[in-house]
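Dear colleague,

I am handing over the structure below, and the notes that follow set out what was found in it. Please read them alongside the coordinates when you have a moment.

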2 protein chains.
Amino acid sequence: MDGVVDHLADERNKAQFDVEEMKIVWAGSRHVFELSDRIARLVASDPVFRKDNRATLSRKDLFKNTLRKAAHAWKRIIELRLSEEEASKLRFYVDEAAFTDLHWGMFVPAIKGQATEEQQQKWLPLAYKMQIIGCYAQTELGHGSNVQGLETTATFDPQTDEFDIHSPTLTSSKWWPGGLGKVSTHAVVYARLITDGQEHGVHGFIVQLRSLDDHLPLPGITIGDIGMKFGNGAYNTMDNGVTRNGKCVRSNVPRQLIYGTMVFVRQTIVSDASCALSRAVCIATRYSAVRRQFGSQNGGVETQVIDYKTQQNRLFPLLAAAYAFRFVGEWLKWLYTDVTQRLQANDFSTLPEAHACTAGLKSLTTTFTADAIEECRKLCGGHGYLCSSGLPELFAVYVPACTYEGDNVVLLLQVARFLMKTVSQLGSEKKPVGTTAYMGRVEHLMQCRCSVQKAEDWLNPNTILEAFEARTARMSVAVAQKLAQFANPEEGFLELSPNLVEASVAHCQLIVVSKFIEKLQQDIPGKGVKELLGMLCNIYALNILHKHLGDFLSTGSITPKQGSLANDQLRSLYSQVRPNAIALVDAFNYTDHYLGSVLGRYDGNVYPKLYEEAWKDPLNDSVVPDGYHEYIRPLLKNQLRNARL
Amino acid sequence: MDGVVDHLADERNKAQFDVEEMKIVWAGSRHVFELSDRIARLVASDPVFRKDNRATLSRKDLFKNTLRKAAHAWKRIIELRLSEEEASKLRFYVDEAAFTDLHWGMFVPAIKGQATEEQQQKWLPLAYKMQIIGCYAQTELGHGSNVQGLETTATFDPQTDEFDIHSPTLTSSKWWPGGLGKVSTHAVVYARLITDGQEHGVHGFIVQLRSLDDHLPLPGITIGDIGMKFGNGAYNTMDNGVTRNGKCVRSNVPRQLIYGTMVFVRQTIVSDASCALSRAVCIATRYSAVRRQFGSQNGGVETQVIDYKTQQNRLFPLLAAAYAFRFVGEWLKWLYTDVTQRLQANDFSTLPEAHACTAGLKSLTTTFTADAIEECRKLCGGHGYLCSSGLPELFAVYVPACTYEGDNVVLLLQVARFLMKTVSQLGSEKKPVGTTAYMGRVEHLMQCRCSVQKAEDWLNPNTILEAFEARTARMSVAVAQKLAQFANPEEGFLELSPNLVEASVAHCQLIVVSKFIEKLQQDIPGKGVKELLGMLCNIYALNILHKHLGDFLSTGSITPKQGSLANDQLRSLYSQVRPNAIALVDAFNYTDHYLGSVLGRYDGNVYPKLYEEAWKDPLNDSVVPDGYHEYIRPLLKNQLRNARL
């Protein structure tokens with residue numbers, strides 16, 4: 001921040017709530033806020049962590065620079081004796097996809113969650129000190145979401161007491177694992193276990209990939225990077241790997257508890273969604289207040305883009321969703337703790353519901369966030385297309401979340417299976433629990449009528465909740481009835497899968513709405529904080545209602561008139577949120593370094609900085625471009641005929 | 001094409017229609033098909049035009065390589081004495097954003113459409129021979145869609161008989177014009193005309209930017225590239241420019257006929273939409289037939305992804321849209337000819353309708369296509385994220401179409417103004433014409449009832465048309481009635497703009513559906529060709545009906561039961577199209593070179609080629625990566641403390 005003039009000061013003065021208190025709510029606690037704030041500034045002030053040059057580096061330089069940042073980060077973590085929480089925040093604010101994401105985010109949790117006590121004692125201390133670097137090798141060239149279809153085999157050899165891990169086909173090459181290509185020394189490899197010629201399904205194995213002396217691949221292992229990916233910097237900082245391993249080593253991890261790891265990882269992904277979304281929204285909101293277009297009268301100043309209802313109608317639901325995802329992510333953390341405690345007590349009763357819920361929320365939040373980042377880019381007009389806006393990179397880095405850790409459509413079909421099972425058990429002794437508890441009131445929900453008579457009636461959370469519950473219950477029951485008409489249930493499931501996906505989406509949207517409403521029932525201090533959150537909750541819900549009006553109307557959950565009233569209420573909520581918009585994105589407390597966007601600068605000083613940034617492009621090193629004499633001049637001078645091109 | 005084995009041969013044998021005849025339909029005529037086919041092969045076989053290395057080139061090398069391609073293309077055009085039509089196809093198949101796009105696509109048409117006879121005689125011969133290179137400098141750092149708000153001034157100096165073109169502020173710098181940064185020698189610059197201290201609105205001026213001797217900017221002109229943009233290669237092959245010109249020259253072009261140029265340019269954009277969309281759909285369809293996931297029984301082969309209803313439900317509407325946009329684009333070409341003839345006869349009567357129609361279709365088709373390319377990428381699973389899939393580049397190159405030549409939301413608001421005017425004039429003497437003619441039957445449309453009783457009833461084109469007309473008419477009338485409640489109509493327009501945008505979208509979708517239906521009323525030879533197109537038309541329409549069910553239900557245009565029947569019919573249409581899917585994308589007749597996608601290869605030989613491509617990444621030059629000794633080894637060995645990073 002240059003800090004001389006704040007072009008957004010007027011906007012900040014308009015806010016009708018206590019921004020400092022909202023920052024605490026966003027962070028989750030005062031402790032987390034203070035810690036995040038301190039670490040974010042630490043990273044922002046360290047020149048090694050600059051990232052504004054990423055778009056112009058070649059692949060090799062980009063990758064090498066990432067290695068440098070990762071080493072520097074680890075050095076700082078040691079020098080400053082940072083706690084695990086602080087270290088994790090530091091990696092977050094460094095904001096560059098790297099092998100460390102997989103080491104800390106997948107390798108360590110997989111060992112913690114799935115390995116035996118003895119194995120943990122062996123591997124965890126090495127991993128914690130980064131004396132080994134690990135990755136997670138599940139996906140194959142020919143197999144992603146279908147884990148049970150993996151082709152890699154692990155054959156036990158009783159003579160050597162070792163497992164022989166083998167990629168029998170080209171398509172069984174491990175392909176995609178982050179960090180596998182160039183950096184990792186070890187991997188958790190998933191393979192079909194074979195003993196005495198018998199198959200025992202897919203298990204994880206800890207495999208050493210490279211020598212700890214000279215970093216060369218161990219004998220029998222072919223290993224490399226899979227090539228360029230979407231975006232300039234983006235995931236090209238990461239060595240996603242391909243490996244075909246012939247023969248190697250040791251140490252089976254038990255199959256149990258794999259669902260616990262999945263709940264953990266997906267919970268993290270939901271939390272990441274709110275970060276990525278809030279970041280894009282922060283950029284688009286600030287720039288919408290800076291940018292002016294149309295509406296000037298007699299040569300006066302033009303209207304701020306953020307004052308247009310079309311802009312508000314696209315932007316504010318995304319702002320509301322950022323908060324909604326934050327709170328549902330917070331709740332998922334609690335759910336994970338709950339699941340872990342139950343697993344430790346051998347109580348598996350809530351696991352299917354928790355699994356369906358995290359799978360569904362992973363799908364819903366990542367699909368929404370990817371689309372929303374691109375929408376924020378478009379909301380910035382043409383300048384959103386410049387790398388210096390930060391949005392192209394953010395999109396390219398974020399969007400694989402829709403595919404990794406379970407393709408989003410496949411996950412929704414898993415949710416649908418669980419929903420259909422829940423419907424089929426209604427009336428039995430097995431009562432629906434957790435996020436499906438509302439299904440227990442299915443008789444009421446099938447025939448209740450929405451009571452809304454005027455627009456403000458839509459501000460009542462119970463009214464919203466019942467409309468969402470009725471919609472989901474009725475869609476689920478309707479598709480279950482259609483399913484029942486098929487002689488072969490599996491065929492029916494395949495045939496009706498588009499309808500099933502729609503019911504799952506409705507169910508997941510209901511979860512997010514209900515968790516936002518639950519959050520509002522807590523004590524939330526600070527002038528105006530709770531009021532603003534209430535508005536955002538209503539915007540989130542009523543926008544979904546409008547976007548999915550077909551669901552609500554075709555199930556008779558609301559009437560066309562009530563749908564139109566919801567829309568009127570939405571417009572009025574936009575006007576109420578408008579003066580608070582800048583303060584609501586300030587509450588995310590992002591540094592200019594982390595945002596990485598000229599358009600999203602805290603001080604709003606956009607145009608001079610855009611102009612300044614442009615001149616840094618290597619193409620501007622010379623006024624007459626390299627290639628003029630070979631290619632442009634002969635063309636202009638009609639001398640191409642004899643030119644060697 | 002390697003041509004040894006065709007992995008998709010079975011798929012091709014399944015087709016129930018004459019692919020060769022469909023190729024003619026797609027191309028528009030046998031003449032265009034043969035010409036395109038010949039030129040596409042010419043480009044594909046020329047090593048200078050290879051493009052598989054784009055993702056790994058640095059900005060400077062990428063740009064220089066584009067200059068080389070452009071010069072080589074021009075050389076070939078001269079050597080082979082290509083016609084204008086052939087030359088334009090050659091540039092199309094070279095498939096690299098370059099200054100030539102603006103020279104031929106904007107600079108030349110602007111002179112042809114807006115300059116006087118005398119000016120044309122001076123400038124066109126130079127431009128046709130490329131003795132000058134031109135660009136189109138309208139957008140400014142602070143002004144895009146709001147052309148009337150441009151700040152650049154052109155002051156007439158009677159003493160020198162010259163215009164002094166000036167950027168008085170930072171935000172009035174011309175910013176974005178393609179080709180302006182490094183290559184163009186001339187520009188059509190848009191500026192506010194000032195004579196005798198009086199303002200006369202925005203006009204175009206032909207301005208020389210650079211010396212034709214040494215390519216240096218003329219005195220008083222500051223000029224450069226605006227920096228890196230979205231994607232690896234994408235538009236980074238293009239020198240989008242920034243310029244602040246102090247003083248310069250000559251030759252005012254009259255303000256008339258600017259709408260004719262806009263109709264021309266937007267017509268081209270709609271036609272480009274069907275190209276980009278069909279290309280993405282071709283890749284996703286072929287790879288969906290190659291890729292197998294889940295569904296294997298007892299270790300047998302897994303199910304082709306294209307056989308899943310969820311995949312069909314996402315993919316086939318995009319395939320249908322590619323054809324729909326092709327036909328509406330063809331019709332727009334006719335419309336442009338019609339408008340031009342009328343303008344030459346000083347008949348301006350159809351201009352507002354033609355302008356609204358092209359603006360709306362530009363918005364509708366580009367928004368849809370950008371989203372659809374990204375959806376196609378996701379439909380390819382993780383591998384769609386690799387640059388070698390071709391889809392990240394296609395997306396990054398395509399997506400600015402949503403913003404340039406009029407922001408898509410701003411355009412829809414222009415359509416809405418026209419719609420509201422049409423509604424207000426109903427009952428008067430002024431009858432709605434062209435694409436709004438259906439409004440003349442508003443009384444019938446306000447009260448008609450959809451007659452569908454069983455799923456197959458939705459196959460009747462008149463039934464579909466009436467439902468779409470009723471929906472649009474009722475939405476337009478409803479929002480017009482809401483508008484009438486505002487004392488200040490402009491305030492009402494701003495407040496209700498989200499609703500207005502929705503009515504415009506409905507109107508534009510109706511146009512596309514109706515032009516597809518008109519196409520089917522023509523003679524179309526070839527076994528099964530017309531039948532397949534009929535299915536695609538129905539898929540296009542019924543998918544929109546399902547996606548916008550809220551519109552149809554809230555206006556009472558159909559009942560919930562009829563909506564559900566439409567959905568049933570849609571599923572059955574998917575099954576009918578399925579065996580024809582590969583042949584339907586073969587009909588686009590794209591070479592592997594033009595597609596630029598390992599996943600979309602004609603022969604379906606995907607996995608070995610993906611594997612081969614990966615090893616070409618520079619990161620795989622060495623087994624132990626550059627940076628190991630500086631950054632990885634000290635980390636693993638706990639020796640970071642003393643390391644210089």
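**C-terminal span, one serine and the chain contact**

In this predicted model, the end C-alpha atoms of residues 460-637 of chain A lie 74 Å apart, and the span is 71% helix and 0% strand. Those residues are covered by the annotation "domain: Acyl-CoA oxidase C-terminal", which comes from an unreviewed UniProt entry.

In chain B, I looked at Ser557(B), which sits in the loop between α18 (549-554) and α19 (560-577). Ser557(B) counts as buried because its relative accessibility is 3%, and the cut-off for that class is under 20%. Its side chain makes a polar contact of 2.7 Å with the side chain of Thr555(B), and, leaving aside neighbours within four places in sequence, Ser557(B) is in contact with Cys450(B), Ala467(B), Ala470(B), Arg471(B), Arg474(B) and Phe552(B).

As for the two chains, 134 residues of chain B are in contact with 135 residues of chain A, and together the chains bury about 11900 Å², of which 63% is on carbon and sulfur atoms. Phe230(B), Tyr385(B) and Leu619(B) supply 7% of the area that chain B buries against chain A, more than any other three residues.

Between chain B and chain A there are 16 salt bridges, including one in which the side chains of Asp626(B) and Lys64(A) meet at 3.5 Å, N to O. On the side of chain B that touches chain A, helix α4 (residues 59-79) gives the most, with twelve residues, and by class that side has 65 nonpolar, 36 polar and 33 charged residues.

With best regards

Methods:
Residues are numbered from 1 along each chain as its sequence is written. Chains are lettered from A and ligands numbered from 1 in the order in which they are written. This is a predicted model: local features need pLDDT of at least 70, side-chain atom pairs count only at pLDDT 80 or more; totals for chains, interfaces and linings use all residues. Side-chain values use heavy atoms; hydrogens and water are left out. UniProt positions are given in the numbering used here, feature names are shortened, and annotations may be inferred rather than shown by experiment. Helices (H or I, at least four residues) and strands (E, at least two) are DSSP runs, numbered from the N terminus. Buried means under 20% relative accessible area, exposed over 50%, partly exposed in between (1.4 Å probe, protein chains only). A polar contact is a pair of N or O atoms within 3.5 Å; within protein, one must be able to donate a hydrogen and the other to accept it, and residues adjacent in sequence count only if both atoms are side-chain atoms. Contact means heavy atoms within 4.5 Å. Buried area is the accessible area (1.4 Å probe) that two parts lose on being put together, summed over both. A salt bridge is a side-chain nitrogen of Lys or Arg within 4 Å of a carboxyl oxygen of Asp or Glu. Ala, Val, Leu, Ile, Met, Phe, Trp, Tyr, Cys and Pro count as nonpolar, Asp, Glu, Lys and Arg as charged, and the others, Gly among them, as polar.
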